[in-house]
Amino acid sequence: GGAMTFDRALQIRALAANLPPDALVLETDAPDIAPHWLYRSAAERAAGATSRNEPAELPRIAAVLAALRGWSLDETAATTTANTRAALPKLAALA
């Protein structure tokens, strides 16, 4: 999710890089935990700026995971899609 996109999220990023491939899925944490490119500072938030994580952020979140794992984007998509379908088999009927 969005937390993995922050350089300072060392534990989450280490998990993303090192967990067995069959343990990985992607999600957005939407609407919470926006990725770093949507982050607003405390001052910006105090001034009324907002950031909202959306499912449309998944391709960029996937790119972060791919970079952390040394995978291609295609490999990342195939692996995480297969894992998601294994965890939530009713999703296969939607595809």
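## The loop between H1 and H2

Pro31 sits in the loop between H1 and H2, and a cis peptide bond ties Pro31 to Ala30, with omega at about 0°. Keep in mind that this is a predicted model. Most peptide bonds are trans, and most residues other than glycine have a negative phi.

That second point matters for two more residues here. Asp29, also in the loop between H1 and H2, has a positive phi, near 65°. Ile33 belongs to the loop between H1 and H2 as well, and its phi is again positive, near 45°. As for solvent, Ile33 counts as partly exposed because its relative accessible area is 45%, a value that falls between the 20% and 50% cut-offs.

## The overall layout

Stepping back, the protein chain has four helices and zero strands, so read from the N terminus the elements simply go α-α-α-α. Along the principal axes, the C-alpha atoms fit a box of roughly 45 × 30 × 20 Å.

The chain has 95 residues, and 28% of them count as buried. If you take contacts between residues at least 6 apart in sequence, 62% of those join residues at least 24 apart.

## An aromatic pair and a charge over a ring

There is one aromatic pair in the structure. Phe6 and Tyr39 meet edge-to-face, with 5.9 Å from centre to centre and 90° between the planes. The two rings come from distant parts of the chain, 33 residues apart: Phe6 is in the segment before helix H1 (10–18), while Tyr39 is in the loop between H1 and helix H2 (42–46).

How do the two partners fare for burial, buried or partly exposed? Phe6 has 13% relative accessibility, so Phe6 counts as buried. Tyr39 comes out at 40%, which means Tyr39 is partly exposed.

Another ring worth a look is that of Trp37, where the charged end of Arg60 sits over the ring at 4.1 Å from its centre.

## Val64 in helix H3

Val64 is part of helix H3 and counts as buried because its relative accessible area is 17%. Which residues does Val64 touch, not counting those up to four places away in sequence? The list is Met4, Thr5, Arg13 and Trp37. With Thr5, the C-alpha atoms are 6.3 Å apart, although 59 residues separate Val64 and Thr5 along the chain.

So Trp37 turns up twice: Val64 touches Trp37, and Arg60 has its charged end over the Trp37 ring.

## Arg69: buried with no salt bridge

Arg69 is in helix H3 (residues 58–69). Arg69 is buried, yet has no salt bridge, and the nearest side chain of opposite charge is Glu75, 7.4 Å away. That distance rules out a salt bridge because the nitrogen and the carboxyl oxygen have to be within 4 Å.

What does the side chain of Arg69 reach? At 3.3 Å there is the backbone oxygen of Ala17. Ala17 also appears among the contacts of Arg69 beyond four places in sequence, along with Ala16, Asn18, Leu19, Pro20, Pro21 and Leu24.

## Thr80 in helix H4

Thr80 is in helix H4 (residues 73–87), and at a relative accessible area of 5% Thr80 is buried. A polar atom of the Thr80 side chain lies 3.5 Å from the backbone oxygen of Ala77.

Setting aside neighbours within four places in sequence, Thr80 is in contact with Leu24, Val25, Leu26 and Leu65. Leu24 is a familiar name, as Arg69 is in contact with Leu24 too.

## The two salt bridges

The salt bridge count is two. In one, the side chains of Arg13 and Asp7 meet at 3.7 Å, N to O. Here a buried residue is paired with an exposed one: Arg13 is buried at 18% relative accessibility, whereas Asp7 is exposed at 62%. Arg13 is also one of the residues that Val64 touches.

In the other, Arg52 and Glu54 meet at 2.9 Å, N to O. Arg52 counts as exposed because its relative accessibility is 51%, and the cut-off for exposed is over 50%. Glu54, at 31%, is partly exposed.

Technical notes
Residues numbered from 1 in each chain as written. Predicted model: local features only at pLDDT ≥ 70, side-chain atom pairs only at ≥ 80, totals over all residues. Heavy atoms only, no water. Phe/Tyr/Trp six-rings, centres within 6.5 Å; stacked < 30°, edge-to-face > 60°. Helix = DSSP H or I, 4+ residues; strand = E, 2+ residues; numbered from the N terminus. Buried < 20%, exposed > 50% of the residue type's maximum accessible area, 1.4 Å probe, protein only. Lys NZ or Arg CZ within 6 Å of the ring centre and 35° of its normal. Lys, Arg positive; Asp, Glu negative; His and termini not counted. Polar contact = N/O pair within 3.5 Å; in protein donor to acceptor, adjacent residues only side chain to side chain. Contact = heavy atoms within 4.5 Å.
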